[in-house]
Amino acid sequence: QRRVRVLTEQDKHRVFINTRKGFVRLAVEFGCDVVPVYTFGETKLHCVSKIGYSFRLWICKKFYVALPIFYSIRYFFGIPIPIPFLSNNHPLTVCVGPSIPVQKMNPKDEGFDDYVDNIHQQFISELQQLFDKYKDECGEPDAVLELLPVSKND
């Protein structure tokens, strides 16, 4: 989760979901449906500095501490001025997809992990469809949803 904060970039739509199945495991264990949700506009709230990026990423991997440096641009008399630790004024649009039904299973049951993997893949697919469906309406027609990490080593 700390790496998420360090790898955030303005106007990049990144979702760290490929290796995160804990929420699906809980949903299956308790029989709760899962619902894909995406918020457009979050990537415009902050500008994230690349100053010391490699060092900050190393700190994050080594000590599990995120050191994001974010700022906002404000204009004074037409001159852009970066102001640290302040967010931009930008509207957020929350899009909610269809509920994915989940059957309750005991984690000790045979097939539990396969069922979790199946629901997780359905969730990712629905999230991608949700993003593609609403990106035009939300003013980001060229946006691409990056599903990370690409491999387990990332």
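**Group meeting: a walk from helix H3 outwards**

Okay, let's start with tryptophan 58, which sits in helix H3, residues 53–63. Keep in mind that this is a predicted model.

So, is tryptophan 58 buried or exposed? Neither, really: tryptophan 58 is partly exposed, because its relative accessible area is 45%, and the cut-offs are under 20% for buried and over 50% for exposed. Tryptophan 58 also belongs to a nonpolar patch on the surface, along with Phe55, Phe63, Val65 and Leu67. Together those residues have about 510 Å² of accessible area.

Let's stay with H3 for a moment. Which residues in this helix are buried? They are Arg56, Leu57, Ile59 and Cys60. Those residues span an arc of only 155° around the axis, so they lie on the same side of H3. In general, an α-helix has 3.6 residues a turn, so residues three or four places apart point the same way. Now turn the helix around: the face of H3 turned away from the buried side has the exposed residues Ser54, Phe55, Lys61 and Lys62.

Just past the end of H3 we run into tyrosine 64, with a positive phi of about 60°, and that's in a residue that is not a glycine. Tyrosine 64 belongs to the loop between H3 and strand S4, 70–76. Tyrosine 64 counts as exposed, because its relative accessibility is 55%.

While we're on backbone details, have a look at the segment after strand S7, 145–148, where you'll find proline 149. The peptide bond from leucine 148 to proline 149 is cis, and its omega is near -10°.

Next, the aromatics. How many aromatic pairs does the structure hold? There are 6. One of them is phenylalanine 23 with phenylalanine 123: the ring centres are 5.0 Å apart and the planes sit at 65°, so this pair is edge-to-face. That contact links distant parts of the chain, 100 residues apart, with phenylalanine 23 in helix H2 (residues 22–30) and phenylalanine 123 in helix H4 (residues 112–134). Phenylalanine 23 is partly exposed at 33% relative accessible area, while phenylalanine 123 is buried at 8%.

Our friend tryptophan 58 comes back here too. The rings of tryptophan 58 and phenylalanine 63 have centres 5.8 Å apart and planes at 85°, so that pair is edge-to-face. And there's one aromatic cluster to point out, made of Tyr38, Phe40 and Phe131.

Last topic: charges. The whole structure has 4 salt bridges, and I'll show you some of them.

Aspartate 11 pairs with lysine 44, and the closest N and O atoms are 2.7 Å apart. These two come from distant parts of the chain, 33 residues apart: aspartate 11 is in the loop between helix H1 (2–7) and strand S1 (13–16), and lysine 44 is in the loop between strand S2 (37–40) and strand S3 (47–48).

Then there's arginine 14 with glutamate 146, at 3.4 Å from N to O. Here strand S1 supplies arginine 14 and strand S7 supplies glutamate 146, 132 residues apart. Arginine 14 is partly exposed at 24% relative accessibility, and glutamate 146 is partly exposed at 25%.

Finally, which residue does aspartate 113 form a salt bridge with? The partner is arginine 25, the closest N and O atoms being 3.0 Å apart. Aspartate 113 is in helix H4 and arginine 25 in helix H2, 88 residues apart.

That's my tour, thanks!

Notes:
Residues are numbered from 1 along each chain as its sequence is written. This is a predicted model: local features need pLDDT of at least 70, side-chain atom pairs count only at pLDDT 80 or more; totals for chains, interfaces and linings use all residues. Side-chain values use heavy atoms; hydrogens and water are left out. Patches are made of residues with over 30% relative accessible area and no salt bridge: like charges are joined within 9 Å, nonpolar side chains (Val, Leu, Ile, Met, Phe, Trp, Tyr) within 5 Å. Accessible areas come from the Shrake-Rupley method with a 1.4 Å probe; for residues, only the protein chains shown count as cover. A salt bridge is a side-chain nitrogen of Lys or Arg within 4 Å of a carboxyl oxygen of Asp or Glu. Helices (H or I, at least four residues) and strands (E, at least two) are DSSP runs, numbered from the N terminus. Buried means under 20% relative accessible area, exposed over 50%, partly exposed in between (1.4 Å probe, protein chains only). Rings of Phe, Tyr and Trp (its six-membered ring) pair if their centres lie within 6.5 Å; planes under 30 degrees apart count as stacked, over 60 as edge-to-face and the rest as tilted. The arc is that of the directions from the helix axis to the C-beta atoms.
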